[in-house]
2 protein chains.
Amino acid sequence: MPDLEHRSLPDSVHRLLRTRILNNELPAGTRLVEMAIAAELDVSRSTVRTALTRLESEGLVEISPRRHSVVTRLSHDDIQDACYARYVLEEGAVRAVLAHGAADLVDPLTELVERMEHAARAGDLAAVVDLDTAFHGHLVAAARKPRLAKLFAGMDAQMGAVMRSSLEEQHLDLADMPGLHRDLVAALAGGDPTTVATTLYRHYLREDYVL
Amino acid sequence: MPDLEHRSLPDSVHRLLRTRILNNELPAGTRLVEMAIAAELDVSRSTVRTALTRLESEGLVEISPRRHSVVTRLSHDDIQDACYARYVLEEGAVRAVLAHGAADLVDPLTELVERMEHAARAGDLAAVVDLDTAFHGHLVAAARKPRLAKLFAGMDAQMGAVMRSSLEEQHLDLADMPGLHRDLVAALAGGDPTTVATTLYRHYLREDYVL
DNA sequence: GCGGGCGCTATTGTCGACAATCGACAGTCG
DNA sequence: CGACTGTCGATTGTCGACAATAGCGCCCGC
């Protein structure tokens, strides 16, 4: 296989497969046969197996015990569910951030939004998704809650899939993405936890907070 | 080797090691050598490896790349961090539960608290921990948010470790456990999200909610 | 006596082979 | 004609061996 020798073999395979899934080169429902992948990438089946296990923990792949693995198909309910979980985690992080003041975050986040605007104008889907991940990752990291951040990061891949799917089905427009993030930064700068929570909820679920 | 043929071999090994860690038969800092465990349990090293990987994702074990694995040592900060993450997840679940009404939960949860009281009087630490897990698991499951529940369940083992550690160092008394849970049930029955959130926060972090 | 380099050992990373299991298909019996 | 069962192929579960590497102690030179 190519120069996949960056870190560990399973890691490389994992990243490669994740990219393929997110690019829809491996559409939802595709059967992933360990031996076939191993042969194609010229690595051992154990290595592929490890990679598949990680993909499963990321929610991109489902492994049926004695059968085969398939690329996860996200139903509408799954998307709602994933977004809600992501919202809960991020809101928990944001509350911790606001307790210390979020002033330091405004500048770096604003810069990310600007880059996102640029990417959105260029129609660069992948870049927008990456910047979205970076934006929320940065925000959550500021809470200094390692376990929360880890759980949050574990959903990155799934959220990438959700975004691509939402954009594809036109529930969301690439051009709206920067604005949604700008709203978040503004709410953060305001410093009121309730406002931020409401904004976040709309950010993820795009409906009013019913509580 | 015992009758570890219930589900899959890695699963059995995983459960066995988890039990040993939580019972402090494998104290924090213990080196876990794959070959040694494989020899003792009479399984292959790959099997042990898989189990260790799962333990790592549960936060009970740390795997240093080309070195060896050790049983995680939880610092005071780690404990706070874990409790906060757990709180955030459960609070997110509870808000979803309250949106539908929590009336159905009061009876089953009360029953679990009663069993917990019984176990606490008997001084049965393991039973109390299990009932605590069951209590919170039941509550979170009622939210019907599968991903949230999965993340929450992923922290069960770590919370078990936290509880044992807190009880050991007398930050917490076994006899207080049922009361803490009774308070939660009462707050739930009340139906006010803010009250429940505050109660939950105290439940996990035992200080007043500073926000 | 001390510091640096070198080889050894312990341990993990990767691999290919063998065994177990599941699904599908076909053949048979009612 | 339908349902049951035995067999076969495909795929994963488990294993033991080999390769690579990190840490450690020893030896040598200074």
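This is a guided tour of a predicted model with two protein chains and two DNA strands, given as a list of things to select.

Before starting, note that local features in this predicted model need pLDDT of at least 70, that side-chain atom pairs count only at pLDDT 80 or more, and that totals for chains, interfaces and linings use all residues. Residues are numbered from 1 along each chain as its sequence is written, while chains are lettered from A and ligands numbered from 1 in the order in which they are written.

**Stop 1: chains A and B**

Colour the two chains separately. A turn of 180° and a shift of 0.0 Å along the axis lay chain A on chain B with an RMSD of 0.0 Å. That is the relation of a two-fold axis. The superposition is by least squares on the C-alpha atoms of residues with pLDDT of at least 70 in both copies.

Now select the contact between the chains. Chain A gives 19 residues and chain B gives 19 residues. Two residues are in contact if their C-beta atoms, placed from the backbone, lie within 7 Å. On the side of chain A that touches chain B, the elements giving two or more residues are α3 (45-57), α4 (76-100) and α7 (146-154) of chain A. Helices such as these are DSSP runs (H or I, at least four residues; strands are E, at least two), numbered from the N terminus. The largest share, nine residues, comes from α4(A). By class, this side of chain A has twelve nonpolar, three polar and four charged residues. Here Ala, Val, Leu, Ile, Met, Phe, Trp, Tyr, Cys and Pro count as nonpolar, Asp, Glu, Lys and Arg as charged, and the others, Gly among them, as polar. Because 100% of the interface residues of chain A are also interface residues in chain B, the copies meet through the same surface.

**Stop 2: α4(A) and α7(B)**

Select α4(A) and helix α7 (residues 146-154) of chain B. Their axes come within 7 Å and cross at roughly 50°. Axes are lines fitted to C-alpha atoms, for helices over the stretch in contact, and angles run from 0 to 180 degrees between N-to-C directions. The angle makes α4(A) oblique to α7(B). Under 35 degrees counts as roughly parallel, over 145 as roughly antiparallel, 65 to 115 as roughly perpendicular and the rest as oblique.

Show the side chains next. A:Asp81, A:Ala82, A:Tyr84, A:Ala85 and A:Val88 of α4(A) meet B:Pro146, B:Arg147, B:Leu148 and B:Leu151 of α7(B). Seven residues of this contact are nonpolar, none polar and two charged.

**Stop 3: α4(B) and α10(B)**

Stay within chain B and select helix α4 (residues 76-100) and helix α10 (residues 193-205). The axes of α4 and α10 of chain B come within 10 Å and cross at roughly 155°. That makes α4(B) roughly antiparallel to α10(B). The crossing is right-handed, a term for the near helix being turned clockwise from the far one by less than a right angle (anticlockwise is left-handed). Residues in the contact include B:Tyr84, B:Tyr87 and B:Leu98 of α4(B) and B:Val196, B:Leu200 and B:Tyr204 of α10(B). The contact of α4(B) with α10(B) has twelve nonpolar, no polar and four charged residues.

**Stop 4: DNA strand C**

Select DNA strand C and the 19 residues that surround it, of which A:Leu9, A:Ser44, A:Thr47, A:Arg66 and B:Glu34 are the closest. A residue is near a strand if its C-beta atom, placed from the backbone, lies within 6 Å of it. Elements giving two or more residues are α1 (9-22) and α3 of chain A, together with α2 (34-41) of chain B. The largest share, three residues, comes from α3(A). The surface near DNA strand C has six nonpolar, seven polar and six charged residues.

**Stop 5: DNA strand D**

Finally, select DNA strand D. Of the 19 residues around strand D, A:Glu34, B:Leu9, B:Ser44, B:Thr47 and B:Arg66 come nearest. α3(B) gives the most to this surface, with three residues.
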